[in-house]
Amino acid sequence: MSTIIITGGAGFIGSHVVRRFVQNHPESRIINLDALTYAGNLENLLDVQDAPNYQFERVDIRDASAVEASFAKYQPDAIIHLAAESHVDRSITDPMAFVQTNVLGTMNLLNAARNIWSGQMEGKRFYHISTDEVFGALGAEGYFTEETAYSPNSPYSASKASSDHFVRAYHETYGLPIVISNCSNNYGPNHFPEKLIPLMIHNILEGKSLPVYGDGKYTRDWLYVEDHASAIEAVYLQGQIGETYCIGGWNEWKNIDLVRLLCDLMDSKLGHSQGTSQKLITFVKDRPGHDLRYAIDASRIHQELGWKPAETFETGLAKTIDWYLSNEAWLHSVTSGAYQAYYEKQYASA
Ligand code: NAD
Ligand code: TYD
């Protein structure tokens, strides 16, 4: 039986990846290593928590000896590394937290993998999950590809870029069998409501203002989270060692158009007259260093690994909204306490 350690498995994307691997790979033991920060929630995994091939271990990847101990205990054949501080706005107020988890935490995992696989790298795999934000901002034209030079603009993307570089360097220098993927913005169930789509759904439900940064013309490429999980499975199973893969949804939206669409969809679902939620839209001060546009050319993963998204934006958004409407208890539990303090500080002048 092979053993796969998935880090950050209690978070948004990680929980979908854990579920997919637990269900699709009964021949593998799936170990979820997560510190359970504000963004980690074991409720995301209630449906698989008793599966015979699943185990949770609370580990902070900033703690090198805890990482070494869990690698010694589980003797993993593969690592799928998602644990990270992931929110750009938080990286602007507390950049060091991003260095500690995203850079130093990744280093601890690389060192532990190198130690445990020393002299026997054959068949092993260290899969690092990254973001398209490492490439910086696009203008109105063009796409990010695997050849695009790194040019990160936020402390978040700088920390992710740094970790990507160390992962590559451990392959070149020590022969660590790595693979990296860089994905566009995800959306879907279990998304923490500090990010654009769940924040807007939450605020529409609460009748609160919908804060759109700057002029709202910033553009993102959105991918349904389960499609990212299926891409991760494809790269895990078939990706070439030492290579990177760009993952995207071929689905670009200006923020303001997306927020208006969400308002209209929510009005229909809630039985409100059209236009009700759009009245809540408020333009607020811009994010510093705000990247104008992200867009991925995902041809390589499509052509080489046969991956493409299963959901359209229409079906993915409908599933997402339905999930939030049927899981208001989850939404309330994650938006109480510390989240309230964060929200008041972040949107103080909104
Ligand atoms: P998230 O913030 O929802 O979850 C992060 C998880 O990591 C949480 O479970 C948290 O408890 C855990 N974690 C944080 N610090 C930790 C530490 N020090 N030790 C152990 N666990 C820790 O993040 P997400 O949106 O699910 O993103 C997962 C990964 O995918 C990240 O590496 C992120 O950079 C990348 N990514 C995200 C997106 C996106 O749109 N969300 C897009 C592309 C790539
Ligand atoms: P976000 O979900 O934070 O993802 P990222 O910054 O990683 O792309 O933000 C998506 C876009 O939405 C980004 O251009 C910033 C914008 N945004 C707002 O306009 N208002 C908000 O309250 C938030 C959280 C984001």
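Histidine 87 counts as buried, at 4% relative accessibility, where buried means under 20% relative accessible area, exposed over 50% and partly exposed in between, with a 1.4 Å probe and protein chains only. This is a predicted model, in which local features need pLDDT of at least 70 and side-chain atom pairs count only at pLDDT 80 or more, while totals for chains, interfaces and linings use all residues. Residues are numbered from 1 along each chain as its sequence is written, chains are lettered from A and ligands numbered from 1 in the order in which they are written, and side-chain values use heavy atoms, with hydrogens and water left out.

## Histidine 87

Histidine 87 sits in the loop between strand S4 (78-81) and helix H3 (88-93); helices (H or I, at least four residues) and strands (E, at least two) are DSSP runs numbered from the N terminus. The side chains of histidine 87 and tyrosine 342 are joined by a polar contact of 3.1 Å, and the histidine 87 side chain also reaches the backbone oxygen of glutamate 194 at 3.5 Å. A polar contact is a pair of N or O atoms within 3.5 Å; within protein, one must be able to donate a hydrogen and the other to accept it, and residues adjacent in sequence count only if both atoms are side-chain atoms. When residues up to four places away in sequence are not counted, histidine 87 touches Tyr38, Phe98, Glu194, Lys195, Arg287 and Tyr342, contact meaning heavy atoms within 4.5 Å.

## The two ligands

Ligand 1 is surrounded by 29 residues, of which the closest are Ile13, Asp34, Ser86, Tyr156 and Lys160; a residue is near a molecule if one of its heavy atoms lies within 4 Å of it. For ligand 2 there are 18 surrounding residues, and Glu133, Arg220, Arg287, His290 and Tyr347 come nearest. Arg287 thus appears both among the residues touched by histidine 87 and among those nearest to ligand 2. The table lists polar pairs between protein and ligand.

| Ligand atom | Protein partner | Distance |
|---|---|---|
| Ligand 1, nitrogen | aspartate 60, polar side-chain atom | 2.9 Å |
| Ligand 1, oxygen | leucine 82, polar backbone atom | 2.9 Å |
| Ligand 1, oxygen | lysine 160, side-chain N or O atom | 2.7 Å |
| Ligand 2, oxygen | glutamate 133, side-chain N or O atom | 2.5 Å |
| Ligand 2, oxygen | histidine 290, side-chain N or O atom | 2.7 Å |
| Ligand 2, oxygen | tyrosine 347, side-chain N or O atom | 2.6 Å |

On its own, ligand 1 has 840 Å² of accessible area, and the protein covers 96% of that, whereas ligand 2 taken alone exposes 510 Å², of which the protein buries 97%; these areas come from the Shrake-Rupley method with a 1.4 Å probe, and for residues only the protein chains shown count as cover.

At least two residues of the shell around ligand 1 come from each of helix H1 (12-24), strand S5 (125-131), helix H5 (155-174) and strand S7 (185-187), with S5 supplying the largest share, three residues. Around ligand 2, the elements that give two or more residues are helix H6 (196-206) and strand S8 (210-213), and S8 gives the most, with three residues. By class, the ligand 1 shell holds 14 nonpolar, eleven polar and four charged residues, while the ligand 2 shell holds nine nonpolar, four polar and five charged residues. In this scheme Ala, Val, Leu, Ile, Met, Phe, Trp, Tyr, Cys and Pro count as nonpolar, Asp, Glu, Lys and Arg as charged, and the others, Gly among them, as polar.

## Buried isoleucines and cysteines

Isoleucine 180 lies in strand S6 (residues 178-183) and is buried, with a relative accessible area of 0%. Isoleucine 180 and tyrosine 245 are 65 residues apart in sequence but 6.5 Å apart in space, C-alpha to C-alpha. Beyond four places in sequence, isoleucine 180 touches a set of residues including Tyr127, His128, Asp164 and Tyr245.

Isoleucine 31, in strand S2 (residues 28-34), is likewise buried, with a relative accessible area of 0%. Its C-alpha is 9.5 Å from that of isoleucine 79, 48 residues away in sequence.

With a disulfide taken as a pair of cysteine sulfur atoms within 2.5 Å, the count comes to zero disulfides. Cysteine 246 is in no disulfide, and the nearest cysteine sulfur, that of cysteine 183, is 9.3 Å away. Cysteine 246 is buried, with a relative accessible area of 1%, and cysteine 263 is buried at 0%.
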